[in-house]
Amino acid sequence: MSVPTANDTWISINTPYTSDITLVNNTFAAITQAYSSGNRHYHTMQHIEHLLSLCHQYADHIKDRDTLLFAVFFHDIIYDIPGAENEEQSAAAAVNYLHKINYPSSDIAVVKDYIIIVTLRVQGLRFF
């Protein structure tokens, strides 16, 4: 079974929440641009594709696929090398977007926690 592309995954997780395809496509373009900037050595689109592959591989063990996948896409969208607030700013970007697509508030809070808490805890392990 092949792993869906990042774009296919992005479309599939957005479809239940919004019909604004322009918003969805523009946000994916912004995500791609952010993860493709020249100052990134690890948190790149290749990294996102790798995490998506792992999510696909372990799909049977994931309780809330959309929430986890939104966290994957946004977890390091902000990447300021000397910056100390990358996770908080990345979480804020996710929250802003998820409100626009009417994602459930309780799940938005989980995405935010995944980005801030989980990323900070596993940073040294290079999981995210």
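In this predicted model, nine aromatic pairs are counted among rings whose centres lie within 6.5 Å of each other. A pair of aromatic rings is described by the distance of the centres and the angle of the planes. For phenylalanine 28 and phenylalanine 73, the centres are 6.4 Å apart and the planes stand at 75 degrees, so this pair is classed as edge-to-face, a term that applies to planes over 60 degrees apart. The pair joins distant parts of the chain, since phenylalanine 28 belongs to helix H2 (residues 21-35) and phenylalanine 73 to helix H4, with their positions 45 residues apart in the numbering. Both phenylalanine 28 and phenylalanine 73 are buried. Through ring pairs, a cluster is formed that comprises Trp10, Tyr17, Phe28, Phe70, Phe73, Phe74, Tyr97 and Tyr103.

Helix H4 (residues 65-74) also packs against helix H1 (residues 6-14), at an angle of about 130 degrees and with the two axes 10 Å apart. Because of this angle, H1 is described as oblique to H4, and the crossing in which H1 passes H4 is left-handed. On the side of H1, the contact is made by Ala6, Thr9, Trp10, Ser12, Ile13 and Asn14, while H4 contributes Arg65, Asp66, Leu69, Phe70, Phe73 and Phe74. When the residues of this contact between H1 and H4 are sorted by character, seven are nonpolar, three are polar and two are charged. Trp10 of H1 and Phe70, Phe73 and Phe74 of H4, which take part in the contact between the helices, are also among the members of the aromatic cluster.

Key. Residues numbered from 1 in each chain as written. Predicted model: local features only at pLDDT ≥ 70, side-chain atom pairs only at ≥ 80, totals over all residues. Heavy atoms only, no water. Axes fitted to C-alpha atoms, helices over the stretch in contact; angles between N-to-C directions. Helix = DSSP H or I, 4+ residues; strand = E, 2+ residues; numbered from the N terminus. Parallel < 35°, antiparallel > 145°, perpendicular 65-115°, else oblique. Left-handed = near helix turned anticlockwise from the far one by under 90°. Contact = heavy atoms within 4.5 Å. Nonpolar A, V, L, I, M, F, W, Y, C, P; charged D, E, K, R; others polar. Phe/Tyr/Trp six-rings, centres within 6.5 Å; stacked < 30°, edge-to-face > 60°. Buried < 20%, exposed > 50% of the residue type's maximum accessible area, 1.4 Å probe, protein only.
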